[in-house]
Amino acid sequence: VSQSRYVWGTVHVCLCLEAFLKDVVIKGFGKEDAYVVVSGGLIYFYLVEFIYRYFLQKLPVMDLAAFLHLPIKKKSIVHFLIGKSYISPLSLIAPLLFAPFAFTEIGPKFGDFAAWSWLLSVVFSSWALHGFILWFKQKFEDRILGIVVVFIVFILGSGSTYFGWFNLGDLMKPLFDWALISWIPVLSLAVLVLAMYTLAFNFYRKNAYLEDLAGSITFCLNSA
């Protein structure tokens, strides 16, 4: 219940922010071109998303035990649960936050094609991260390595620009700029989404098994 409260609280904050995203960018950063600031800052959104997904995202294994006793192939159950996770509140943050910006700021300036292509690129990047976290969190959640990686990502992401090591925003902005004039970034990111989905699916299908302990069915997940 506590985790669910934090998840919906995060969604609520994002919904409030999206209504004023352009004003926040212009007034907060002192820039007139909101698109340049938002596209250049998307990498930081994904950095924050990596952190909160790692700690808040519910894993499909939480529901898997309730299905494994049914006469349904394990592959189908895993497909259903992983697919279901893509319509969770955390996966709706990116489209809810950036869709208004895409159609009120990017559309009038660059055209409808650019608005749709840019938005889909943003959303697919978020969903690719979602698939990666499904694999990463289950594989490393109980190990110190998982926390170390999260800590390193946070330090490099937050400290790189602050200390002038490198501009992290420059890594992804060209991709979103390209999306304004081409479908290639969208298609490439769609392939990445499928790749991350496949990574998570293969891991869950390989490591899920039933163990009969004291006459009861218990679900276990190996840590490969």
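Reader: How do helix H3 and helix H7 pack, angle and axes?
Author: Helix H3 (residues 34-56) packs on helix H7 (residues 112-140) at an angle of about 25°, and their axes are 9 Å apart. Axes are lines fitted to C-alpha atoms over the stretch in contact, with angles from 0 to 180 degrees between N-to-C directions. The angle makes H3 roughly parallel to H7 (under 35 degrees; over 145 is roughly antiparallel). This is a predicted model: local features need pLDDT of at least 70, side-chain atom pairs 80 or more, while totals for chains, interfaces and linings use all residues. Residues are numbered from 1 along each chain, and side-chain values use heavy atoms, without hydrogens and water.

Reader: Which residues in H3 meet H7?
Author: Among them are Tyr35, Val38, Leu42 and Phe50. Contact means heavy atoms within 4.5 Å. By class, there are 15 nonpolar, 5 polar and 3 charged residues.

Reader: Switching topic: is H7 mostly covered or not? How many of its residues are buried?
Author: Mostly covered, with 23 of its 29 residues buried (under 20% relative accessible area, 1.4 Å probe, protein chains only).

Reader: And what about H6 against H7, what angle there?
Author: H6 (residues 89-110) packs on H7 at about 160°, with axes 8 Å apart. So H6 is roughly antiparallel to H7.

Reader: Which residues in H7 does H6 meet?
Author: Trp116, Trp118 and Leu119 are among them, and the H6 side includes Phe98 and Phe101. That contact has 17 nonpolar, 4 polar and 1 charged residues.

Methods: Helices (H or I, at least four residues) and strands (E, at least two) are DSSP runs, numbered from the N terminus. Angles under 35 degrees count as roughly parallel, over 145 as roughly antiparallel, 65 to 115 as roughly perpendicular and the rest as oblique. Ala, Val, Leu, Ile, Met, Phe, Trp, Tyr, Cys and Pro count as nonpolar, Asp, Glu, Lys and Arg as charged, and the others, Gly among them, as polar. Buried means under 20% relative accessible area, exposed over 50%, partly exposed in between (1.4 Å probe, protein chains only).
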